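Hi,

Here is the structure I promised to pass on. Have a look at it first, and then read on for what turned up when I went through it.

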Amino acid sequence: MANSSQTSHSPRTSYARGALSRRSSSFRDSYPATDRRRSLHTSPEPHTPRMETSMRLGFEQGKKPTLDERRSTLKSLKSLLLMSQSRMSLKEQRMGREIKETLFTKAFIVGRILLVVVLNFGLLILGILLRQGVVVFLPISILRLSTGMILEITVLILNKLTLDAMDLAASVYFAKRLASKDGYGLLVCGYMQLSAFKRFQFARQLSRDSKYRKTLFIASVTWVIVELVKVRAPITATGFTSVQVRQLDDPIKCIYFRANKRAAIDRHYPNFETMSGNSELLLGNSLGCMRATRDDCGLSSSLVVGPQLLDRVGAGDTVTGPGFQMDIHTTCFCVMDQDLSNRSLSAGPSFFFTNLTTLSNRVLSTVILFDTGYCLESSDIAQCNATIFNIQDVITAIDFSSERGHRSKFPSSAKITLLNPLQTISPESIASALHAIVPSDTIQAFIPLGILKGALTNGKTTKNTTNLATAMETIYAVSIAGGIKRSFAFKGGRCSHVATRNDANVLYLNSRGAVGVLFVATLQLAVSLMSLGLACSWFLERNPLAVVIRIVREPSFFLGVFANSGFSDRLQGSVLIREPSAIWGRLDVDARIGESIWTEDDECGLLTIDSPHLIIPLVNGRMYR
């Protein structure tokens, strides 16, 4: 009967039976499977009266037991413990679990890795879009608090998912090799049950003679590189910048100024005193580019005068319309006072504007400042010569801002967009405008107040002719801008209006943040694609691999199967060894995971780890214990 049973299963295990020795064959012939199963069902006697007597010996009537009696009692307890464990193992051997692996099982594992590939590809696309700018319909206050944190959490989550996908793919690959005919290194089970950095240490401490050392070391380096992406996440999150969305709105009403001498009229407003209260003229760059407040204006200050608005605008809006632009260069030096009686005309620091001269392409003006501190000699006074040149009609763009908590809007910057093809302004027009504010044909002292007095210092405590020259350029700019509004002809019209939306912002990543996101996304996408390729090879396997994957990944499941293995004797005496690599170094052997060849004819097969020639492949739908 045994021979007929062996013949019926010979196609399935022909390659394994060729490797068995005659001794093992004679053992199977003399000890058939039916007798083995009958012996398994035979349970020994739990205990005998002689054992009970020995257990009670020496404990009756309070008699103190001897040393031999104690040894006899401990031996009896040990035999009882071994018999109870034998009954439990026999009961577990009668019960098995059916291995049933479906296409859904494979698709679920591979689908998890495919999801990671899609998410990393989405992170790559997000990095490209953020580099160009993405419109987000959220207020700027929310974006400043949330965008960096959201990006950092996203990168960390995708990094964790990528590491999990790598673990799954590697487990599938090693499980496939361990279940193959030639087997694979058993130590990969211990390798896969460690963290990324411990895997690197595990592979580095393996024996140089191990044929798996190089493979595991390269895989460990890949894990460590992907793990170190977590360090890059906080740096990436700090690269966000946002700009409010600006869109062309309906034109607004405004006033154009025209340099027409025939239509010019003196409106008597503003004047030198009233301009002292126009604080918006010194906020930001509303006058253009003033050397007193900026260092990038070159050798002269640039004055830009735009149209006057009649409609309301919002903070951040830009109004474009015709205007004027000119450059102002001033030099100051100390001269001896020829007429000390002029000082009696003012009770403090004061200006005297003299010698307003008009040339073909420029305007020359001289101002004398009566103030102590600019010159070393007390009898000297400061004299400044101003040159106004590059006078032209331009198209201006005026940006408006507002102080926090205030509804009023003021011009924060003025710049040139292009030259106006129709040139109407001339040096005579600028001289007329300047004369309307600070006439130079009469001896009149102009006392600087408010912002005009502040323009003389601009936060600079040192008084010298160099600082005075840049301050006088600002005072000339304020005076010319006021003179244009006072004396130039004007015409009503409409100016183009670019409005700023408060509910939408353009979100950007600066170069440092964009490079970080693209690097992380590209690395994780490449690694996840490799993992997907390894995992897809599972679909080509006919034999079940899910249980082998569990053995590779889960320590408890591995130990339960390893207990029935023929390699368990290799760990004798390894209790005092602390390093995992040293313990697993003893298991650096080629092994195979599958069904033991000795349970081929049994109703319930034995799932174990052994030499490749003693293992047969697992079968889908068969019971295993």
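T357 stands opposite L364 in β10, so let me start with that strand pair, keeping in mind that this is a predicted model. The strands involved are β9 (residues 350–358) and β10, which run antiparallel and are joined by seven bridges. The connection between β9 and β10 is a hairpin of four residues.

On its other pairing, β10 meets strand β11 (residues 380–401), again antiparallel and over seven bridges. If you want a pair to click on there, I368 of β10 faces Q383 in β11. How much of β10 is buried? Seven of the eight residues of this strand (residues 363–370) are, so β10 is largely enclosed by the rest of the structure.

Another strand to look at is β4 (residues 240–258). It is joined to strand β13 (residues 489–509) by 16 bridges, and the two run antiparallel. S242 is a handy place to find this pairing, as it stands opposite L507 in β13. β4 also pairs with strand β7 (residues 308–309), antiparallel and through two bridges. In that case the partner of I255 is Q308 in β7.

Now to the nonpolar packing. The largest nonpolar core has 73 residues, and the ones that touch the most other members are L186, L216 and I609. Helix α8 (residues 140–178) supplies the largest share of this core, with 14 residues. Apart from that core lies another one of 43 residues, including V305, I328, I391 and I484.

L216 is worth selecting by itself. Leaving aside neighbours within four places in sequence, its contacts are F174, L187, V188, Y191, F202, A203 and L206.

Then there is S220, which sits in helix α11 (residues 213–227). Is S220 buried or exposed? The relative accessible area of S220 is 0%, and because anything under 20% counts as buried, S220 is buried. Beyond its neighbours within four places in sequence, S220 is in contact with Y191, R199, F200 and A203. Y191 and A203 are also on the contact list of L216.

Back in helix α8, have a look at A165. Its relative accessibility is 3%, so A165 counts as buried too. Which residues does A165 contact, if you leave aside neighbours within four places in sequence? They are I113, V116 and S531. There is also a long-range pair to check with your distance tool: the C-alpha atoms of A165 and S528 are separated by 6.7 Å, although the two residues are 363 apart along the chain.

Finally, some overall numbers for your notes:

- The protein has 19 helices and 17 strands.
- Out of its 625 residues, 43% count as buried.
- Among contacts with a separation of 6 or more, 75% are between residues 24 or more positions apart.
- The accessible surface is about 33700 Å², and carbon and sulfur atoms account for 58% of it.

Cheers

How values were computed. Residues are numbered from 1 along each chain as its sequence is written. This is a predicted model: local features need pLDDT of at least 70, side-chain atom pairs count only at pLDDT 80 or more; totals for chains, interfaces and linings use all residues. Side-chain values use heavy atoms; hydrogens and water are left out. Buried means under 20% relative accessible area, exposed over 50%, partly exposed in between (1.4 Å probe, protein chains only). Contact means heavy atoms within 4.5 Å. A nonpolar core is a set of buried Ala, Val, Leu, Ile, Met, Phe, Trp, Tyr and Cys residues joined through side-chain atoms within 4.5 Å. Two strands pair if DSSP finds at least two bridges between them. Accessible areas come from the Shrake-Rupley method with a 1.4 Å probe; for residues, only the protein chains shown count as cover.
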